[in-house]
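Biologist: I'd like to learn how to read a model like this one, feature by feature. Could you take me through it?

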Amino acid sequence: HQGGIALSAFLDINNNEVQDDEEPSVSGVEVAIQSGRVEQLEADSIIYITNLEPYLLHSLRVTSRGLDNISWQPKYATYGVYIEPNQFKELHLPIVIVGEVNGKMIKRTSRGEEGTGGVTIYFYESNGKLVDSTTTMAEGDYYFLGLKPGKYFATVDASLYKTLGFD
């Protein structure tokens, strides 16, 4: 009386979490679950998870390690699926195209420009909600991959201006 999950991933081009006609199925998503058996047929992009205990909420972790493009990322990293006996639950995973941000934190001095390492750069949505952060490397370079479609702005902690010698 066990149940299962039939999982399929698709490239969510318009970011609406629904697979529209022009949005292709995607293979290469990797799934981790604490119980059950994960199977994927070579000729199929569907991942089958079988032998799951019914009447329980099962937690899935999804990673992008096997996807064809580094900018393709699962919209959500974890899913909870309630299993019913003798049934397969269909789970459609949106894969979104994420953006990359890179730059350099520099300070102009009498000796010229110098990179500033160890500074945290914060990324915010246009509404002011903090999304994520990254830290500059020794020469001031920073890199971040993972911003979902949208408008963002970046800033550093204003209290650092004086510490770093910025005006």
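Biologist: Let's start with strands. In what sense do β1 and β9 pair, and over how many bridges?

Modeller: Keep in mind that this is a predicted model. The general idea is that strands in a sheet pair through backbone hydrogen bonds, in either a parallel or an antiparallel way. Here strand β1 (residues 3-11) and strand β9 (residues 88-97) are parallel, with eight bridges between them. For a spot to zoom in on, take serine 8, whose bridge partner in β9 is histidine 92.

Biologist: And how does strand β7 run relative to β9?

Modeller: Antiparallel: β7 (residues 72-74) is joined to β9 by three bridges. Look at tryptophan 72, which has isoleucine 97 as its bridge partner in β9. So β9 pairs in the parallel sense with β1 and runs antiparallel to β7, if you take the definition of pairing as at least two bridges.

Biologist: Now a hairpin. How many residues lie between β4 and β5?

Modeller: Six residues separate the two strands of that hairpin. Strand β4 (residues 37-40) pairs with β5 in the antiparallel sense over four bridges. Glutamate 39 has tyrosine 48 in β5 as its bridge partner.

Biologist: Let's stay on tyrosine 48, then. Is it buried, partly exposed or exposed?

Modeller: Tyrosine 48, in strand β5 (residues 47-52), has a relative accessible area of 26%, so it counts as partly exposed. The cut-off for buried is under 20%, and exposed starts over 50%. Setting aside neighbours within four places in sequence, tyrosine 48 contacts Ile5, Ala6, Arg37, Val38, Glu39 and Phe88. Glutamate 100 is another matter: it sits 52 residues from tyrosine 48 in sequence and 32 Å away in space, C-alpha to C-alpha.

Biologist: What about the inside? Which residues touch the most other members of the largest nonpolar core?

Modeller: That core has 21 residues, and the ones touching the most other members are Ile5, Leu7, Val29, Ile49, Leu60, Leu91 and Leu93. Two or more residues come from each of β1, β3 (30-33), β5, β6 (57-63), β8 (78-82) and β9. The largest share, four residues, is from β1. There's also a second, separate core of eight residues, including Met105, Val119, Phe144 and Leu147.

Biologist: Which residues does leucine 91 touch?

Modeller: Leaving out residues up to four places away in sequence, leucine 91 touches Ile5, Ala6, Leu7, Ser8, Leu60, Tyr79 and Val81.

Biologist: How do I find empty space in a model, and how much lies in the largest cavity?

Modeller: Rolling a probe the size of a water molecule over the atoms shows where empty space is left. Here there is one cavity of 30 Å³ or more, and the largest cavity holds about 40 Å³ of space. Its lining includes Leu7, Ser8, Ala9, Val26 and Gln40. With three residues, β1 gives the most to that lining.

Biologist: One last sheet. In what order do β14, β13 and β16 come?

Modeller: The order is β14-β13-β16, an open sheet of three strands with antiparallel pairing. β14 (130-135) and β16 (152-156) are at the edges with a single partner strand each, so one side of each has no neighbour in the sheet. From one strand to the next, the twist averages 25 degrees. Strand β13 (residues 120-125) pairs with β16 over five bridges, and isoleucine 121 stands opposite valine 156 in β16.

How values were computed:
Residues numbered from 1 in each chain as written. Predicted model: local features only at pLDDT ≥ 70, side-chain atom pairs only at ≥ 80, totals over all residues. Heavy atoms only, no water. Buried < 20%, exposed > 50% of the residue type's maximum accessible area, 1.4 Å probe, protein only. Contact = heavy atoms within 4.5 Å. Core = buried A, V, L, I, M, F, W, Y, C linked by side-chain atoms within 4.5 Å. Axes fitted to C-alpha atoms, helices over the stretch in contact; angles between N-to-C directions. 1 Å grid on protein atoms, 1.4 Å probe; cavity = no way out; pocket = protein on both sides within 12 Å on 5 of 7 lines; lining within 4 Å. Points joined across faces, edges and corners; volume = space filled by probe spheres on them.
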